Amino acid sequence: VQVHSGRHAVARVAVVSYREEVLLDEWVHVPASDVADYVTRISGVREEHLVSARSFEAVQAEVRQLIFGRTLIGHGLRADLKALQLAHPPANIIDTESLDWGSRRRNLGSLCREVLGQDIQRGSHSPVLDALGAVRLLKAQHAWGGPPPPRIEIIQWIGAPLEVLASPPPPPAALSASAYQAVPEGSDPPPPQLTLPWHVDHIAPLLCWFKGVSSSPGSALAFSASLSKTERGVVHKKAQALRLPTLSLGTEPDRYISVLTGGSPDQNGPPRTRPVELVYLWARNGEEAAEAAAGYSLDELAERAHTGNLGPEVRALLERARGV
């Protein structure tokens, strides 16, 4: 939680074992008068959780006892140890953030989505799930003897009757799909999912296959948010070559791209208002005052403005643009 000094105070601590047993999951007492913001949307913490919780010193002592003489596994452990005001021998630390993950983004949520297929940080964060995620990432490294190979995770929406979806055509054999789940007959589960090893050469045959099996208007092939911005760019260019429109939604690191079979993608996307376009142009032209918006595409900036998911600096830029 954020306290009035502008710093953050520890509100919840979790420790799990390598066998994935929960050894500790405790709220930490923070006086309500000291709290400036519980950041509930991200942390899940509310005032009632902390009123009668154990003291920081008591929880700190238990963590110290649990980790003493043991190998400590975590993701970004330097920040965790600093927050708990603890030290641990570097030789007994395995920080999964520092392992070789290839070209993947190194934040815990993205790695768990791409490597483990688990979305552990959607909505409020849980320290238990974060700790389990770090352990499972380490196990994945050990299982592969290095960084697991990249893969594509795709959700396929096809605008067709359920009986057609019950047995959709398989993807081309050249794609080497490692998993393909079709919609069971007579049920209403999520759309079919397809998992492929990531390779630039897979995208064109995949899109050709999709174009051939999904002629109904409104069909879509939604790639998971595990794809990087560069990889989404590859999908967009390959789709353009096949005259398939694309639509990107969400904000980093949860931004994803969909390939559509017809219609204008703009009508389904967030509104590109004139102030949004001005802020984008200021940032693209390198204006120093617009540096906070420099990392956003036009669609992502429009999405953030539409949902209100903006930092104070970008919000101030939008107000300036509205004035203009």
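Buried residues (under 20% relative accessible area, with exposed meaning over 50% and partly exposed in between, 1.4 Å probe, protein chains only) make up 40% of the 324 residues in the chain. This is a predicted model, in which local features need pLDDT of at least 70 and side-chain atom pairs count only at pLDDT 80 or more, while totals for chains, interfaces and linings use all residues. Residues are numbered from 1 along each chain as its sequence is written, and side-chain values use heavy atoms, with hydrogens and water left out.

The chain has 12 helices and 12 strands; these are DSSP runs numbered from the N terminus, helices being H or I of at least four residues and strands E of at least two. Its accessible surface, by the Shrake-Rupley method with a 1.4 Å probe, comes to about 17,600 Å². Carbon and sulfur atoms account for 52% of that surface. Taking contact as heavy atoms within 4.5 Å, 59% of the contacts between residues at least 6 apart in sequence join residues at least 24 apart.

**Salt bridges**

Side chains of opposite charge can pair when their charged atoms come close. A salt bridge is counted when a side-chain nitrogen of Lys or Arg lies within 4 Å of a carboxyl oxygen of Asp or Glu. By this rule there are eight salt bridges, including those in the table.

| Salt bridge | N to O distance | Separation in sequence |
|---|---|---|
| Glu 20 and Arg 136 | 2.9 Å | 116 residues |
| Lys 139 and Glu 20 | 3.1 Å | 119 residues |
| Glu 26 and Arg 54 | 3.3 Å | 28 residues |

Glu 20 sits in the loop between strand S2 (12-16) and strand S3 (22-27), and Arg 136 in helix H6 (residues 127-144), so that pair links distant parts of the chain. Lys 139 is in helix H6 as well, and its pairing with Glu 20 also links distant parts of the chain. Glu 20 is partly exposed at 27% relative accessibility, as is Lys 139 at 27%, and Arg 136 is partly exposed at 25%.

Glu 26 belongs to strand S3, whereas Arg 54 is in the loop between helix H2 (47-50) and helix H3 (56-67), so the salt bridge ties together parts that are 28 residues apart in sequence. Glu 26 is partly exposed, with a relative accessible area of 24%, and Arg 54 is partly exposed with 30%. Glu 20, Arg 136 and Lys 139 are joined into one network by salt bridges that share partners.

**Helices H5 and H6**

Two packed helices are described by the angle between their axes and the distance between the axes. Helix H5 (residues 108-116) packs against H6 at an angle of about 50°, with the axes 10 Å apart. The axes are lines fitted to C-alpha atoms over the stretch in contact, and angles run from 0 to 180 degrees between N-to-C directions. Angles under 35 degrees count as roughly parallel, over 145 as roughly antiparallel, 65 to 115 as roughly perpendicular and the rest as oblique; H5 and H6 are therefore oblique to each other. The crossing of H5 and H6 is left-handed, meaning that the near helix is turned anticlockwise from the far one by less than a right angle.

On the H5 side, Leu 108, Leu 111, Cys 112, Val 115 and Leu 116 take part. They meet Asp 130, Gly 133, Ala 134, Arg 136, Leu 137 and Ala 140 in H6.

**Ala 293**

Ala 293 lies in the loop between helix H10 (274-284) and helix H11 (298-307). Ala 293 is buried, with a relative accessible area of 2%. Leaving aside neighbours within four places in sequence, Ala 293 is in contact with Val 279, Ala 283, Val 314 and Leu 317. The C-alpha atoms of Ala 293 and Leu 317 are separated by 8.5 Å, and the two residues are 24 apart along the chain.
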